[in-house]
Amino acid sequence: MSKICQITGKKAGVGNNVSHSKRRTKRKFNVNLLSRKLYWPEMDEWIEIKVSANGLRIIDKIGLDAALKRAALKGYI
């Protein structure tokens, strides 16, 4: 599976490495992605998702059920 957060939809960005002589080469800015098992009380089951650190903060704020509904609505899951 690719490196995309299933809650926020974040994926790797592209930029440049800039050396001391200002020479530029392409690089990736990867997402701070974590694989977590979370308990979903509405469905009474454990689910495993790939989620970024920002996605975990969103789950803490609005709850797992609301975060999953929002992600499904936007097409991330």
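**Figure 1. Burial and exposed surface across the whole chain.** In this predicted model, buried residues make up 26% of the 77 residues in the chain, where a residue is called buried if its relative accessible area is under 20%. The surface that the chain exposes comes to about 5900 Å², and carbon and sulfur atoms supply 52% of that area.

**Figure 2. Order of the secondary structure and overall dimensions.** The chain holds four strands and two helices, and a reader who follows the sequence from its start meets them in the pattern β-β-β-β-α-α. The radius of gyration is 16 Å, well over the 11 Å that the globule rule gives for 77 residues, so the chain is more spread out than a compact globule. Measured out along its principal axes, the C-alpha trace spans about 55 × 25 × 20 Å. Among the contacts with a separation of 6 or more, 35% are between residues 24 or more positions apart.

**Figure 3. Charged side chains.** The chain carries 17 positive side chains and 6 negative ones, and the centres of these two sets lie 23 Å apart.

**Figure 4. The pairing of strand 1 with strand 2.** Strand 1, which covers residues 13–18, runs antiparallel to strand 2, and six bridges join the two. Within this pairing, Gly13 stands opposite Phe29 of strand 2. The hairpin that these strands form has five residues between the strands, and Lys22 in this hairpin takes a positive phi near 70°. Strand 2 is made of residues 24–29, and of these six residues the number buried is zero, so the strand lies largely in the open. As a general point, the side chains of a regular strand alternate between the two faces of the sheet.

**Figure 5. The surroundings of Ala71 in helix 2.** Ala71 belongs to helix 2, which covers residues 64–74. With a relative accessible area of 0%, Ala71 is buried, since the cut-off for that word is an area under 20%. When its neighbours within four places in sequence are left aside, Ala71 is in contact with Gln6, Ile7, Tyr76 and Ile77. The C-alpha atom of Ala71 is also separated by 7.9 Å from that of Gly9, although the two residues are 62 residues apart along the chain.

Definitions and conventions: Residues numbered from 1 in each chain as written. Predicted model: local features only at pLDDT ≥ 70, side-chain atom pairs only at ≥ 80, totals over all residues. Heavy atoms only, no water. Rg over C-alpha atoms; globule rule 2.2 N^0.38 Å. Buried < 20%, exposed > 50% of the residue type's maximum accessible area, 1.4 Å probe, protein only. Contact = heavy atoms within 4.5 Å. Areas by Shrake-Rupley, 256 points an atom, 1.4 Å probe, with all protein chains shown as cover. Lys, Arg positive; Asp, Glu negative; His and termini not counted. Charge placed at Lys NZ, Arg CZ, Asp CG, Glu CD. Pairing = 2+ DSSP bridges.
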